[in-house]
Amino acid sequence: MSSTTVDGVAGWAINLMETLGAPGAGIAIALENLFPPLPSEVILPLAGFTASRGNMTLFDAVLWTTLGSVIGALALYAVGALLGRERVVFIASKLPLVNVSDIEKTEAWFARHGKKTVFFGRMIPIFRSLISIPAGVERMPISIFTLLTLMGSLIWNTAFVMAGYALGENYHLVERYMGIVSKAVLGVVLLAVVVFIAVRLMDRRKGKHHAG
């Protein structure tokens, strides 16, 4: 299969891997971390498929995609570290429906569960990228952050790369079924956000009513 017969993200990723080999897969995954809409559920099976065609070894596919995951995560960690707590709190104070107390609660929650969040967050769509920012803000020791990111990414990437390798031309089946799972996870998270906003609006209306 040539990249000329595949459109969209898949075609772009195949072209990158055909041109650069395994490092191309690493670059694609690094960009996926920086731009969450790029789905790893597409890129990783493609890396496995490309390996099955002999364009790279299976080991190199896993190695470079995991390296890309770590580099992308460290870039976002740096963003959080550079912003710092004060800037994040200032930005949050200007956003509607967000209280500074929410930031403080998040900090306390991250302090208790930060390690688990970074590790398991590598396996949750969208959040695998976003979780790196609060880790940077909270200045989680970079050695621990890197290790947890490496471990979580290695598990996630290996599973998808090997699935693409085993399925060969049918690599797209991985994206199809995992796409359903990813949408379900995002649906639950979005529902939680909607409930949060609804509760916050009700609290504000109650506050205005009592003030009146």
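The expected span of a helix is 1.5 Å times one less than its number of residues. The exercises below apply to a predicted model.

**Exercise 1. Compare the span of helix 2 with what its length predicts.**

Step 1. Helix 2 covers residues 22-34, which is 13 residues.
Step 2. At 1.5 Å a residue, the span should be 18 Å.
Step 3. The end C-alpha atoms of helix 2 lie 19 Å apart, so the two values agree.
Step 4. Now look at burial along helix 2. The buried residues are A22, G24, A25, G26, A28, I29, A30, E32 and N33.

**Exercise 2. Describe the overall fold of the protein in terms of its elements.**

Step 1. Count the elements. There are 9 helices and 0 strands.
Step 2. Write their order from the N terminus: α-α-α-α-α-α-α-α-α.
Step 3. Check how contacts are spread in sequence. Take the contacts with a separation of 6 or more; 73% of them join residues 24 or more positions apart.
Step 4. Add burial and surface. Of the 212 residues, 40% are buried. The accessible surface is about 11,600 Å², and carbon and sulfur atoms hold 71% of that surface.

**Exercise 3. Find which residues touch the most other members of the largest nonpolar core, and which elements supply it.**

Step 1. The core has 21 residues. M17, L46 and M56 touch the most other members.
Step 2. Two or more residues come from each of helix 1 (8-20), helix 2, helix 3 (40-52), helix 4 (58-94) and helix 8 (142-167).
Step 3. Helix 3 gives the largest share, 7 residues.
Step 4. Another core lies apart from this one. It has 10 residues, including Y77, F119, A135 and L148.

**Exercise 4. Decide whether A47 and T50 are buried or exposed, and list what each touches.**

Step 1. Place them. A47 is in helix 3, and T50 is in helix 3 too.
Step 2. Apply the cut-off: buried means under 20% relative accessible area. A47 has 0%, so A47 is buried. T50 has 4%, so T50 is buried as well.
Step 3. Set aside residues up to four places away in sequence. A47 then touches M17, A25, M56, A61, T65 and V161.
Step 4. Do likewise for T50. Its contacts are M17, N55 and M56.
Step 5. Add one distance. A47 and N157 are 110 residues apart in sequence, yet their C-alpha atoms are 9.8 Å apart.

**Exercise 5. Locate S132 and work out its surroundings.**

Step 1. S132 belongs to helix 7 (residues 132-137).
Step 2. Its relative accessible area is 0%, so S132 is buried.
Step 3. Beyond four places in sequence, S132 touches A73, L76, Y77, R122 and F145.
Step 4. Link this to the cores. Y77, a contact of S132, is also a member of the 10-residue core.

**Exercise 6. Count the cavities of 30 Å³ or more, then name the lining of the largest cavity.**

Step 1. The count is 1 cavity.
Step 2. The largest cavity holds about 40 Å³ of space.
Step 3. Its lining is I29, E32, S40, L44, S69, R122, R128, S153, W156 and N157.
Step 4. Helix 2, helix 3 and helix 8 each give two or more residues to this lining. Helix 8 gives the most, with 3 residues.
Step 5. Cross-check with earlier exercises. I29 and E32 of the lining are among the buried residues of helix 2. R122 lines the cavity and touches S132.

Terms used
Residues are numbered from 1 along each chain as its sequence is written. This is a predicted model: local features need pLDDT of at least 70, side-chain atom pairs count only at pLDDT 80 or more; totals for chains, interfaces and linings use all residues. Side-chain values use heavy atoms; hydrogens and water are left out. Helices (H or I, at least four residues) and strands (E, at least two) are DSSP runs, numbered from the N terminus. Buried means under 20% relative accessible area, exposed over 50%, partly exposed in between (1.4 Å probe, protein chains only). Contact means heavy atoms within 4.5 Å. Accessible areas come from the Shrake-Rupley method with a 1.4 Å probe; for residues, only the protein chains shown count as cover. A nonpolar core is a set of buried Ala, Val, Leu, Ile, Met, Phe, Trp, Tyr and Cys residues joined through side-chain atoms within 4.5 Å. On a 1 Å grid over the protein atoms alone, a cavity is a set of points where a 1.4 Å probe fits but cannot get out, and a pocket is an open set with protein on both sides within 12 Å along at least five of seven lines; lining residues have an atom within 4 Å of a point. Grid points are joined across faces, edges and corners, and a volume is the space filled by probe spheres set on the points.
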